[in-house]
Amino acid sequence: MSAGDGRPQDREWRRRAAAVLPAGMYGHMAAQKLPEGYPQFMDHGEGCRLRDVDGREFIDFMCGWGPIVLGRRHPEVEEAVRGQLSRGDVMNGPTPVMVELAEVLTGMIPHADWTVLAKNGTDATTACVSTARAATGRRKILVAAGAYHGAAPWCSPSLGGVLPEDRAHLDFFEYNDAASAEAAADRAGDDLAGIIVSPVRQELGRRQEHATAEFARGLRGIADARGAALILDDVRCGFRLDLAGSWEPLGVRPDLAAWSKAIANGQPLAAVTGREWLRAGAEAIYVTGSFWYSPVPMAAALATLRVLRETDALERIRAAGETFASGLRAQASALGLEVEVSGPAQMPLLQFAGDEHQELSRAFADEAVRRGVYLHPTHNWFLSAAHGPEDIARALEITDEAFAALAARV
Ligand SMILES: *Cc1c(COP(=O)(O)O)cnc(C)c1O
């Protein structure tokens with residue numbers, strides 16, 4: 001019996017997709033070939049639960065790869081969306097909700113003197129780079145080797161269709177190695193426009209690494225000494241760890257930051273925030289899009305950020321993540337499996353010792369998804385405020401069985 005046999009609907013939609021989508025699927029859904037037990041096509045989502053087109057239910061630890069922070073179909077966000085939809089979405093200009101959201105963001109984020117609202121994280125990181133270049137009149141951008149900043153030619157992980165010219169003025173440093181950034185800044189000389197960095201090192205299949213305070217301060221110092229912009233790519237961590245920005249606990253504030261994923265609990269929205277000295281740069285660049293002024297996602301963001309500010313949602317996400325991680329560690333250790341759960345509690349990743357080719361993490365994820373827990377073998381997971389204690393307890397019952405099945409195999 002092949003893996004798809006119990007999932008006729010998913011198999012059928014994949015067959016139809018193969019005829020009309022490149023390779024049947026593109027982007028991260030295609031690149032990260034998930035184990036056989038994973039469905040591709042979803043039908044329904046509620047809170048922290050997902051149901052696929054075959055009616056299988058999962059406790060979801062990917063949260064739509066980050067956007068879902070309060071849980072799916074959150075009542076206050078849905079109400080904001082419905083309320084705005086009943087007055088229309090795309091018009092010939094924005095509605096006042098755009099200004100209200102900009103006021104909330106600049107009030108909440110200490111470095112933010114202004115904001116530009118966009119659709120996707122890639123829009124935001126790309127606009128940060130353009131803003132830094134326009135403001136400084138310089139070209140060079142320093143990037144941590146292996147870091148993900150989006151799906152545009154300047155930063156895409158694939159070189160398909162990308163020209164060397166698209167990346168001509170990038171240079172690279174090692175994450176958590178300020179000396180390597182200093183050396184790259186020396187190579188850039190007086191042409192250094194900016195340094196872009198994510199708050200946590202979160203590369204596929206790699207142990208997650210928190211930025212050290214020394215590294216964050218080191219980058220801040222390099223940018224300051226050279227009149228370049230420090231750009232924090234907070235697209236993935238933003239609004240899940242700290243509402244003021246993910247390096248706020250380290251006491252390091254960027255000049256520009258890119259935000260998206262969790263900002264509107266699943267509605268398409270992104271933001272750039274920046275300091276006063278970069279305002280002229282933001283005024284000089286041309287960034288826009290047919291859907292960039294639509295008020296529905298902005299209304300969703302206002303509701304999402306209000307709930308995040310006024311409730312203990314972030315604290316509950318952290319606590320749920322900690323309970324989940326310590327449960328996973330205990331289960332593995334009871335079976336003699338050596339695992340590490342790395343990264344922030346709100347976005348953990350489980351890996352097995354010596355599992356260089358990710359065979360164990362893939363087998364574990366496959367055993368888990370077949371039993372109803374949707375996590376990922378190599379990409380960090382995401383928890384939401386809808387992951388209650390009972391959901392975590394139920395998920396741990398399932399992961400215990402998944403570990404046992406894995407231990408029986410190895
Ligand atoms: C997801 C992500 C992006 C790109 O965001 P999109 O909305 O997918 O364009 C950029 N940077 C980081 C760190 C991300 O996780």
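Here is a short tour of this structure, stop by stop, for you to follow in your viewer.

Before you start, note that this is a predicted model, in which local features need pLDDT of at least 70, side-chain atom pairs count only at pLDDT 80 or more, and totals for chains, interfaces and linings use all residues. Residues are numbered from 1 along each chain as its sequence is written, and side-chain values use heavy atoms, with hydrogens and water left out.

**Stop 1: the ligand**

Select the ligand and show the residues around it, meaning those with a heavy atom within 4 Å. You should see Asn 120, Gly 121, Thr 122, Tyr 148, His 149, Gly 150, Asp 233, Val 235, Arg 236 and Lys 261. Coloured by class, this shell has two nonpolar, five polar and three charged residues. Here Ala, Val, Leu, Ile, Met, Phe, Trp, Tyr, Cys and Pro count as nonpolar, Asp, Glu, Lys and Arg as charged, and the others, Gly among them, as polar.

Now look for polar contacts (pairs of N or O atoms within 3.5 Å; within protein, one must be able to donate a hydrogen and the other to accept it, and residues adjacent in sequence count only if both atoms are side-chain atoms). At Gly 121, a backbone N or O atom sits 2.7 Å from a ligand oxygen. The side chain of Asp 233 places an N or O atom 2.7 Å from a ligand nitrogen. Arg 236 brings a polar side-chain atom to 2.8 Å from an oxygen of the ligand. On its own the ligand exposes 380 Å², and the protein buries 85% of that; the areas come from the Shrake-Rupley method with a 1.4 Å probe, and for residues only the protein chains shown count as cover.

**Stop 2: aromatic rings**

Next, show Phe, Tyr and Trp; their rings (for Trp, the six-membered one) pair if the centres lie within 6.5 Å, and planes under 30 degrees apart count as stacked, over 60 as edge-to-face and the rest as tilted. The count is eleven aromatic pairs. Pick Phe 61 and Phe 324: their ring centres are 4.2 Å apart with planes at 5°, so this pair is stacked. It links distant parts of the chain, with Phe 61 in the loop between strand S3 (57-60) and helix H3 (75-85) and Phe 324 in helix H10 (residues 313-334), 263 residues apart. Helices (H or I, at least four residues) and strands (E, at least two) are DSSP runs, numbered from the N terminus.

Stay on Phe 324 and add Trp 381, its partner in a tilted pair with 5.9 Å between centres and 50° between planes. Both Phe 324 and Trp 381 are buried (under 20% relative accessible area, with exposed over 50% and partly exposed in between; 1.4 Å probe, protein chains only). Then move to Phe 173, Tyr 175, Phe 215 and Trp 247, which ring pairs link into a cluster.

**Stop 3: cysteines**

How many disulfides are there? The count is zero, taking a disulfide as two cysteine sulfur atoms within 2.5 Å. Cys 128 has its closest cysteine sulfur in Cys 155, 11 Å away and too far for a bond. For Cys 237 that neighbour is Cys 63, at 14 Å, again too far for a bond.

**Stop 4: two acidic side chains**

Finish with Asp 391 in helix H12, where a polar side-chain atom is 2.9 Å from the backbone nitrogen of Gly 388. Then go to Glu 46 in strand S1 (residues 42-46), which is partly exposed at 38%.
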